[in-house]
Amino acid sequence: MKIYTLFLFLIFSNLACSQKEANIWYFGINAGLDFNTASGSPINLNNGIIATNEGCATVCNSAGQLLFYTDGITVRNRSHQIMPNGSSLDGHFSSTQSAIIVPKPSSSNVYYIFTVAAAGGVKGLKYSEVDMNLNNGFGDVTAQKNIPILTPVCEKICAVKNTAANGFWVVSHSFGDNRFLSIEVTASGVGNIVFSSVGSVISANLPYGIYTTQGYLKISSDGTKLVCVNAYNDVQLFDFDASTGIVSNAKTINTSDQWFCYGAEFSQSGDKLYVTELDMGGILQYDLTAADIPASQIIIYDVYSYIFGALQLAPDGRIYCARTRSGIENPSYLSAINNPELSGTDCQFQFAQVALSGTSVLGLPQSISSILEVGIISENMCGGAETSFSINGNFTILSAMWDFGDGTSSADINPTHSYGSPGTYTVSVAVVTSNGRMVRTKLITILPVPTATAVSPITLCNTVNTTYNLEILNQLIIGNQPLNGISISYFPSVADANSHNASLPYLQNLPLGLSTFYAKVYHVTNFDCYSLTPVEINVIEPAVLRIGLELVGCDAFPYDGISLFDLSAIDEEILENSDSANYSVTYHLTQSDALSDNNAVPPNHNNTSLIETVYVRAENRANPACFSIGTVTLKVIREPVIGTISDLNACDDNLPNDGSIRFDLRIKDLEVLNGQSASLFQVDYYLNHSDATNDINRLSQFFTNSTNPQTLYVRVSNALARHCYKVGPLDLYVNPKPDVLIDSIYSICDFNNGVSITVPGVFTHYLWSNGANTPTTVINQPGSYTVTVGQQYGSLRCESGKSFSVIQSGVATQIAFEIRDFNGSDNVISVNVSGLGDYEYSLNGIEYQGSNVFYGLSGGEYTVYVRDKNGCGISEETVYLFNYPNFFTPNGDGFNDYWKISYPTQEPNLKVSIFDRYGKLVTYLTPDSLGWDGMLNGKPLPSDDYWFVVNRENGKEYKGHFSLKR
């Protein structure tokens, strides 16, 4: 015989459907576990958003897929977002069993969240309703929120299946007395309350007061036993009647003088009970089959440094234990009892069983006790699938006999079976285990595979970010299928639909082009029993037409009010920012014709009135039904007339003439308009014909030509629309200005009676300030005069004038000198003259200077020339500069044999005295002497320095010395 050891069989496939409502846990500080694994052992989750010290609850569908979770205050959906209206529930983060989730019987979408306040608070016991059909299948908390049931109550709440009806019992304990209350939940909702007054009174009068409200309340998975842990007081065991909700037969199995207890949990068979102790860090085991249950207590683990909190039976048959170490560390593990059915340490307590990415505190998520009852597990309950069967529990199975409820059976321990049609079947199994024989029965429903009806591709005519409500497709896709238990969601990809991940909200902002979604029709109790169909929505953008466009036609002279319009020329303009390649444009005379696409006018259209409205239809080429209607206004205005424009002449304003001048162009406006209205027509000037035609680079009023002559272009435009215009040339000419080439000053010399002045060149007009009008005039008197010369160019006369002066002048009449000589080669002559003229001076009659002083002259004879700058003549005088030799050599060689003053004869009374170095007079020299020969009394004097004194006729005296060398 083959022996199979079975802890928990969780077979996961595309069509899985089994009792896995407790397979996802979120608890503590962002801690989480997932029991949906092939081995049944949990894996860590790090995507939860929760922060609670104690109670919390999580619920999945029967396939183990998360629906929502709560800490009794906030409700989060499977995407970990807060549900609408899902805040401010009246549980508490420090309430032992803050919340429990119970499904509404016979409903596939409604759940109730029961909450209890902390420490017997006034908020008491309440419930709130969640509808999973709302918010696109993500669920909302409805208006049935925080509905009061009883206050005050202890921090205790649990739930179990009602064996007498299709429903549940939700059990709590009031505060201030010994009453248990069992609340019946049926298909009609939250109903009757059954009170049982039994066991210890829990009140504020106890030694630890409100703290006795703490501690867990649990029911065994078969619904027969109830344990109530009253923290700091006692632990009591009761019988529970799952058909009536009555609690009875109290047994105290632990008191406060032994342990301060908190958490509690039954083994899956209900034969063992486990309790945690707060202060001493212990875990206690009780054998509920023993005659003396308190005496069966075994301490399976005891560590003073840790606090053990909640105990929770898990889908893998293990009991997990929350532990914390306040103020020392944040525990990142859960402990576990691996074989809860075995006695003592054989139960295999593991201190660090499973690692967490979040933090364990005191609480674990609780579920309905009967979910984990020893029984039949069925999976893949979708029509056409192989449904698998197994038995959950921590015991050894020796044999099994299955009855599938459709007339077939199997002796396999874990069989599979394919049902011929959807429906409800009663499945039973007779199991022989190492503990004995048991029979379990389960009612299963084989769901029909829902149909997702294909929808035709949808085309929308709209702009970017079109809002589309996918919900309007629900009825088309679901069709006539019964809606009970059927839902529909939309996904961005097939992969997301298969995994039921990232479902989309109904309202979608669609981009331009094709968007594809995948509609999934599924059973709300099993997301994996479904059908898919693609939904294609193509958003085609209608043309965005320009508003207020006017097309102006030009009516040529003579004016008749009719113009030919090329409507096709404005296609691009009317489409504005729309791509013309995607649209066809037609024009119509009435709006109805445009809407019905009738009677389009040809592109070349003659207007019928001065102002005419034409209707534009722009339709998308990919979908002609996607079109836009707009208007364009046709107006007819007068085209200007422009004739021949006369040249614009001007006189050069520079001498010498450069052929360039600043023209005032506006002086031609009146001539160009030639009687046309200056308010209706505008005149502008341009550098070239291209600029004038394109109406660019207009010239300002004042323009300086760059060539001579130069042609500009005049544009006359209708002020209402500048594209109605005419262009003509305008020639600019700059005529040369006469250049009066006469001197600025003329002289009348003292020997003449006047001066004759002639303007060079030939001009048409002359006017002298003395009244003469000929090229030549004679001026007899000194003074200031002007002459104006003109040259006639047609009607334009260009004139130039010049001012000049006539002065009286003459030759120098008296010349006197001031000299500084006896200075070697650095002598000076200053010339002083008298006369009427303006004079200049020269020492050679060729090179003249304005200064009357000559410097750096050697001794000798000089002729000084004085010339009248005005041409009246030259005067001259001779002047002498005296000098002396620095030495002489009286040796008879004919060179430097005598020492004397140069040019002494020019001053007959000149007297020269010579002395030796001792001041003794050696000799006198007269102007007519040959000089001193170095002799004294017939004897030669020795070589030495000698001194002289010159007394001049003007009374000045000069002294110096020279050398005698032999």
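In this predicted model, C529 is a good place to begin: the residue is buried, with a relative accessible area of 0%. C529 does not stand alone, for a disulfide joins C382 to C529, with an S to S distance of 1.8 Å. The partner, C382, is buried as well, at a relative accessible area of 1%. The link of C382 and C529 is right-handed, with 70 degrees about the S-S bond. C382 lies in the loop between β30 (376–379) and β31 (387–391), while C529 belongs to strand β42 (residues 526–540), so the pair ties together parts that are 147 residues apart in sequence.

This bond belongs to a wider set, as the structure holds five disulfides. A disulfide is a covalent bond between the sulfur atoms of two cysteines. Another of the set is formed by C461 and C626, whose sulfur atoms are 1.9 Å apart. The C461 and C626 link is right-handed, with 75 degrees about the S-S bond. It connects distant parts of the chain, with C461 in strand β37 (residues 458–461) and C626 in strand β48 (residues 623–638), 165 residues apart. The two ends of the bond sit in contrasting surroundings: C461 is partly exposed, with a relative accessible area of 36%, whereas C626 is buried, at 0%.

A further disulfide joins C749 to C872, with 1.8 Å from S to S. The torsion about the S-S bond of C749 and C872 is about -95 degrees, so this disulfide is left-handed. Here too, distant parts of the chain are linked: C749 is in strand β55 (residues 745–749) and C872 is in the loop between β65 (860–868) and β66 (874–881), 123 residues apart. C749 counts as buried at 4% relative accessibility, and C872 is also buried, with a relative accessible area of 4%.

The overall connectivity can be read by numbering the bonded cysteines of the chain in sequence order, which gives the pairing 1-3, 2-5, 4-7, 6-9, 8-10. Some cysteines stay outside this scheme. C228 is in no disulfide, and the nearest cysteine sulfur, that of C154, is 6.9 Å away. A disulfide requires sulfur atoms within 2.5 Å, so at 6.9 Å the sulfur atoms of C228 and C154 do not qualify. C228 is nonetheless buried, with a relative accessible area of 2%. C321 is likewise in no disulfide, the nearest cysteine sulfur being that of C347, 11 Å away. C321 is buried too, with a relative accessible area of 1%.

Attention now turns to a charged side chain. K156 is found in strand β13 (residues 153–162). The residue is buried yet has no salt bridge, and the nearest side chain of opposite charge, E155, is 7.4 Å away. A salt bridge calls for a side-chain nitrogen within 4 Å of a carboxyl oxygen, so the 7.4 Å to E155 falls outside the limit. Backbone oxygens are found within reach instead. The side chain of K156 reaches the backbone oxygen of V229 at 2.5 Å, and a polar atom of the K156 side chain lies 3.0 Å from the backbone oxygen of G215.

The nonpolar interior can be described through its cores. The largest nonpolar core has 45 residues, and those with the most contacts inside it are F27, L273, Y320 and L334. A second, separate core has 33 residues, among them A159, F308, L313 and I368.

Among the strands, an open sheet is formed by three in the order β2-β3-β4, with antiparallel pairing. Strands of a sheet pair through backbone hydrogen bonds, either parallel or antiparallel. The edge strands of this sheet are β2 (24–27) and β4 (43–44), each of which pairs on one side only. Four bridges join β2 to strand β3 (residues 31–34), and these two strands run antiparallel. The bridge partner of I24 in β3 is D34.

A last site concerns a histidine. H500 is found in the loop between α2 (494–499) and β40 (507–510), and the residue is buried, with a relative accessible area of 9%. H500 and F527 are 27 residues apart in sequence, and their C-alpha atoms are 6.9 Å apart in space.

Notes. Residues numbered from 1 in each chain as written. Predicted model: local features only at pLDDT ≥ 70, side-chain atom pairs only at ≥ 80, totals over all residues. Heavy atoms only, no water. Buried < 20%, exposed > 50% of the residue type's maximum accessible area, 1.4 Å probe, protein only. Pairing = 2+ DSSP bridges. Lys, Arg positive; Asp, Glu negative; His and termini not counted. Polar contact = N/O pair within 3.5 Å; in protein donor to acceptor, adjacent residues only side chain to side chain. Core = buried A, V, L, I, M, F, W, Y, C linked by side-chain atoms within 4.5 Å.
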